[in-house]
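User: I would like to learn how to read a ligand site, cysteines and a side-chain contact in a structure. Could you take me through them one at a time?

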Amino acid sequence: MARKPRIAIIGGGIGGLTAAVALHRRGIEIEVFEQSAKIGEIGAGLALTPNAIKAYRALALEAELTAIGFEADYQVVRNWDNGSVISRVPRKGIYTREFGAPYLTMHRADLVEVLRRQLPDRVFHLDSRCIEIETSDKWARARFADGSETEADIVVGADGIHSVVRRSLFGPEAPRFTGCVCWRGLVPLDAFPPGVISSDGTMYLGPRSHVIHYLVRGGQLVNFVAHVESDAWTGESWTQECERSEVMETYAAWYEPLLRLLGSADRYYKWALYDRNPLDRWSKGRATLVGDSAHAMLPYIGQGACMAIEDGYILAAVLAQIPDDLGGALAHYERLRMPRTRRAILDARARGQEMHLTSRWAQLKRNVKMALHHRLGGDKTGIQLGSFYAYDVAADPPPSLAQVSSVKTRRAGSSRP
Ligand SMILES: Cc1cc2nc3c(=O)[nH]c(=O)nc-3n(C[C@H](O)[C@H](O)[C@H](O)COP(=O)(O)OP(=O)(O)OC[C@H]3O[C@@H](n4cnc5c(N)ncnc54)[C@H](O)[C@@H]3O)c2cc1C
């Protein structure tokens, strides 16, 4: 019988940890190399749509996520200046019926902690900044800033949008600045009198800008993210703090109850938004990519982390099923994942334009479409994302060796590097 492979995962974010849990559940030996001194996440919210929850269900984590998450009754879209409702679509219960799982919002740190707890401490190597990957048909090797290195049957780059693994495998290519900046903050719900802040998932649409807010940590905290088109700042750090006045000046003319929320955070973080063009391959030799390193996308359809979660599950399923042909398994993983993630990158770009329309006439057409879509037989999301939500990683047909060999044959004849 073939030996179980040993996998080195570079990056302990949501993508890397999900891949680690999925592989560990299948009895595959893993090690996680994270550049930070601890496994953790920044203080911000995250929306996990039904497709991601189904992946975690398949990893027996749904109950833990339900405990840390929040399921809103409605998804509401409002106008920026007077708060009038453009659309109000039921979520709670309906999404489970339509898409097979709930839509949960949560604190990133809570999710990361759930994932970390599934893994023994011995798999983590902290303060391990990868600087280079070397790979062949039989092994892959990661080198670290402190001069150490590790060799594994497979190296998985889960090191985010500025991925060193991606650069090492496919050469340098700068991420694309999208001309958008966003601010985020968290505020305790009990900082407001009852009824001031809706517990619905809420989005305000304005010219060249939108703001979303939703509850996290079982409903205790309100998370907001305010997006605006601007090229005044291009830094991209998850931990860049800024002044409250920056946010309040930008949104001064917006709906007053929303301003009460935006003005109430203790800390404000900002970052510029980047994405990348889809790659035409993710793997080389015995190294591959998951999450933002493979397919960094704009957050406008809320699928970046959800796709990373799906990647982790599928990668583990494919490697467990084809342990005696790991190169073929990586080619098959790519084949399963690339079309869907490519569509997510492109849809997120298009959605950004639709959200930030400036012409009154175009806004009116968009608003009427949003208001009527789910009532006139469109999908039940109100924002036409049902085809993403309906997907179930665990139901994806298991790869057959015949499928894998045909992928290998095509790859051998390919002129790509
Ligand atoms: C404003 C905003 C809102 C978003 N909202 C949502 C949402 O609601 N739903 C959703 O699905 N997605 C959302 N996303 C996208 C989501 O945050 C990302 O897609 C997701 O975090 C990607 O996870 P990852 O593990 O691939 O990368 P990351 O989260 O970037 O993690 C990478 C990890 O690798 C480590 N690392 C980096 N380089 C190295 C190195 N050289 N060596 C070792 N370790 C390294 C990092 O320290 C980090 O721990 C949002 C994004 C933004 C910007």
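Analyst: We will go through the ligand shell, then the cysteines, then one glutamate, bearing in mind that this is a predicted model.

User: Where should I begin with the ligand, and which residues are closest to it?

Analyst: Begin with the list of residues that surround the ligand, which here number 32, the closest being Gly-15, Glu-34, Arg-108, Trp-271 and Asp-292. By class, this shell is made up of 15 nonpolar, 12 polar and five charged residues.

User: Which helices and strands each supply at least two residues of that shell?

Analyst: They are α1 (14-25), β3 (45-48), β17 (268-275) and α10 (304-321), and the largest share, three residues, comes from α10.

User: Which polar atoms of the protein should I look at around the oxygen atoms of the ligand?

Analyst: Look at backbone and side-chain atoms separately. On the backbone side, an N or O atom of Gly-15 lies 2.8 Å from a ligand oxygen, while a polar backbone atom of Ile-14 is 3.3 Å from an oxygen atom of the ligand. On the side-chain side, a polar atom of Arg-108 is placed 2.9 Å from a ligand oxygen. As for cover, the ligand taken alone exposes 1,000 Å², and the protein buries 88% of that.

User: How do I read the cysteines, and how many disulfides does a search of the whole structure find?

Analyst: The general idea is that a disulfide is a covalent bond between the sulfur atoms of two cysteines. In this structure the search finds zero disulfides. For Cys-180, the nearest cysteine sulfur belongs to Cys-182 and is 8.5 Å away, against a cut-off of 2.5 Å for a disulfide. Cys-306 is likewise in no disulfide, with the sulfur of Cys-182, the nearest one, 17 Å away.

User: Is Cys-180 buried or exposed, and what is the relative accessible area of Cys-306?

Analyst: Cys-180 counts as buried because its relative accessible area is 6%, where the cut-off is under 20%. Cys-306 is buried as well, with a value of 0%.

User: Which side chain does the side chain of Glu-31 join in a polar contact, and what is around this glutamate?

Analyst: The partner is His-125, and the polar contact between the two side chains spans 2.6 Å. Glu-31 sits in strand β2 (residues 29-33) and is buried, its relative accessible area being 17%. Leaving aside residues up to four places away in sequence, Glu-31 touches Arg-6, Ile-7, Ala-8, Ile-9, Val-123, His-125 and Thr-150.

How values were computed. Residues are numbered from 1 along each chain as its sequence is written. This is a predicted model: local features need pLDDT of at least 70, side-chain atom pairs count only at pLDDT 80 or more; totals for chains, interfaces and linings use all residues. Side-chain values use heavy atoms; hydrogens and water are left out. A residue is near a molecule or strand if one of its heavy atoms lies within 4 Å of it. A polar contact is a pair of N or O atoms within 3.5 Å; within protein, one must be able to donate a hydrogen and the other to accept it, and residues adjacent in sequence count only if both atoms are side-chain atoms. Accessible areas come from the Shrake-Rupley method with a 1.4 Å probe; for residues, only the protein chains shown count as cover. Helices (H or I, at least four residues) and strands (E, at least two) are DSSP runs, numbered from the N terminus. Ala, Val, Leu, Ile, Met, Phe, Trp, Tyr, Cys and Pro count as nonpolar, Asp, Glu, Lys and Arg as charged, and the others, Gly among them, as polar. Buried means under 20% relative accessible area, exposed over 50%, partly exposed in between (1.4 Å probe, protein chains only). Contact means heavy atoms within 4.5 Å.
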